[in-house]
Amino acid sequence: MQTEDVFRHILSELCTFLKKNNENYNWVGIYVLKSGKLELECYEGEKTDHEIISLGDGLCSLAVLKNEIVNEADVTSNPKYLACFPSTRSEIVVPIRLGGKAIGEIDIDSDRKGVFTEMDETFLSDVADRISKLVEYFYRE
Ligand code: SME
């Protein structure tokens with residue numbers, strides 16, 4: 001067993017836990033920045049075709065490039081949105097930072113419009129801060 005396996009397992013369990021404990025969280029994933037692309041490290045929910053996202057594409061890129069939370073209440077109204085699941089109506093992307101720099105993100109899709117509140121933003125930012133050291137392990141410049 002490698003350290004990498006342990007860290008991936010913990011992050012994967014986190015995705016499972018977050019989805020299981022919030023009925024509005026229909027898909028939960030963690031993307032990590034690797035050589036200029038966002039790679040899906042782990043997730044809970046349906047399989048997505050977007051396991052690797054080029055920086056510039058989608059709300060996922062926006063969160064990392066702007067280094068701020070993207071909270072989209074209605075994905076159909078946002079031309080930057082990269083569709084993964086037909087059922088998704090809203091999405092929140094929360095940067096995971098290391099020394100202030102975004103190195104990855106927590107990405108959550110919901111089948112309901114406008115469900116992500118300031119409480120979700122605060123809670124997920126707190127989680128992101130606390131998993132930063134685990135995510136650093138997968139981060140590659
Ligand atoms: N919707 C995202 C792509 C990732 S999926 O939601 C899993 C985006 O716009 O970047």
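## Reading a predicted model, feature by feature

Q: Let us start with a single side chain: is Phe-7 buried or exposed?
A: Phe-7 is buried, because its relative accessible area is 18% and the cut-off for calling a residue buried is under 20%. Please keep in mind throughout that this is a predicted model.

Q: How do I read aromatic contacts, and how many aromatic pairs does the structure hold?
A: There are five aromatic pairs in the structure. One of them joins Phe-7 and Tyr-137, whose rings are 5.2 Å apart centre to centre with 80° between the planes, an edge-to-face arrangement. Phe-7 belongs to helix 1 (residues 3-20), whereas Tyr-137 sits in the segment after helix 3 (118-136), so this pair ties together parts that are 130 residues apart in sequence.

Q: How accessible is Tyr-137, and which ring pair does Tyr-137 form with Phe-138?
A: Tyr-137 is partly exposed, with a relative accessible area of 35%. The pair that Tyr-137 forms with Phe-138 is also edge-to-face, at 5.9 Å centre to centre and with 75° between the planes, and Phe-138 itself is buried, at a relative accessible area of 1%. Ring pairs thus link Phe-7, Tyr-137 and Phe-138 into a cluster.

Q: How should I read the two helices, and at what angle do the axes of helix 1 and helix 3 cross?
A: Two packed helices are described by the angle between their axes and the distance between the axes. Here the axes of helix 1 and helix 3 come within 11 Å of each other and cross at roughly 165°, which makes helix 1 roughly antiparallel to helix 3. The crossing of helix 1 and helix 3 is left-handed.

Q: Turning to the strands, in what order do the six strands lie in the sheet?
A: Strands of a sheet pair through backbone hydrogen bonds, either parallel or antiparallel. In this model six strands form an open sheet in the order 3-2-1-6-5-4, with antiparallel pairing. Strand 3 (52-54) and strand 4 stand at the edges, each with a single partner strand, so one side of each is left without a neighbour in the sheet. From one strand to the next, the twist averages 20°.

Q: How do I follow one strand, and how many bridges does strand 5 make with strand 4 and with strand 6?
A: Three bridges join strand 4 (residues 70-72) to strand 5, the two running antiparallel, and Val-70 has Val-93 of strand 5 as its bridge partner. On to strand 6 (residues 101-110), which pairs with strand 5 in the antiparallel sense over nine bridges; there Val-93 is partnered by Asp-107, and Leu-98 by Lys-101. Strand 5 and strand 6 form a hairpin with two residues between them, and in its turn Gly-99 has a positive phi of about 55°. Strand 5 (residues 90-98) is mostly covered, with seven of its nine residues buried.

Q: What should I make of a positive phi, and in which loop does Ser-35 lie?
A: Most residues other than glycine have a negative phi, and most peptide bonds are trans. Ser-35 has a positive phi, near 45°, although it is not a glycine; Ser-35 lies in the loop between strand 1 (27-34) and strand 2 (37-44), and at 56% relative accessibility it counts as exposed. Asn-67, likewise not a glycine, has a positive phi of about 55°. Asn-67 is found in the loop between helix 2 (58-66) and strand 4, and is partly exposed, with a relative accessible area of 25%.

Q: A loop residue may be covered or open to solvent; is Val-75 buried or exposed?
A: Val-75 is placed in the loop between strand 4 and strand 5, and this residue is buried, with a relative accessible area of 2%.

Q: Finally, how do I judge cysteines, and how many disulfides does the structure hold?
A: A disulfide is a covalent bond between the sulfur atoms of two cysteines. The structure holds zero disulfides. For Cys-42 the closest cysteine sulfur is that of Cys-15, 3.7 Å away, too far for a bond, given a cut-off of within 2.5 Å. For Cys-60 the closest cysteine sulfur is in Cys-84, at 7.2 Å, again too far for a bond. Cys-42 counts as buried at 5% relative accessibility, and Cys-60 counts as buried at 5% relative accessibility as well.

Technical notes
Residues numbered from 1 in each chain as written. Predicted model: local features only at pLDDT ≥ 70, side-chain atom pairs only at ≥ 80, totals over all residues. Heavy atoms only, no water. Phe/Tyr/Trp six-rings, centres within 6.5 Å; stacked < 30°, edge-to-face > 60°. Helix = DSSP H or I, 4+ residues; strand = E, 2+ residues; numbered from the N terminus. Buried < 20%, exposed > 50% of the residue type's maximum accessible area, 1.4 Å probe, protein only. Pairing = 2+ DSSP bridges. Axes fitted to C-alpha atoms, helices over the stretch in contact; angles between N-to-C directions. Parallel < 35°, antiparallel > 145°, perpendicular 65-115°, else oblique. Left-handed = near helix turned anticlockwise from the far one by under 90°.
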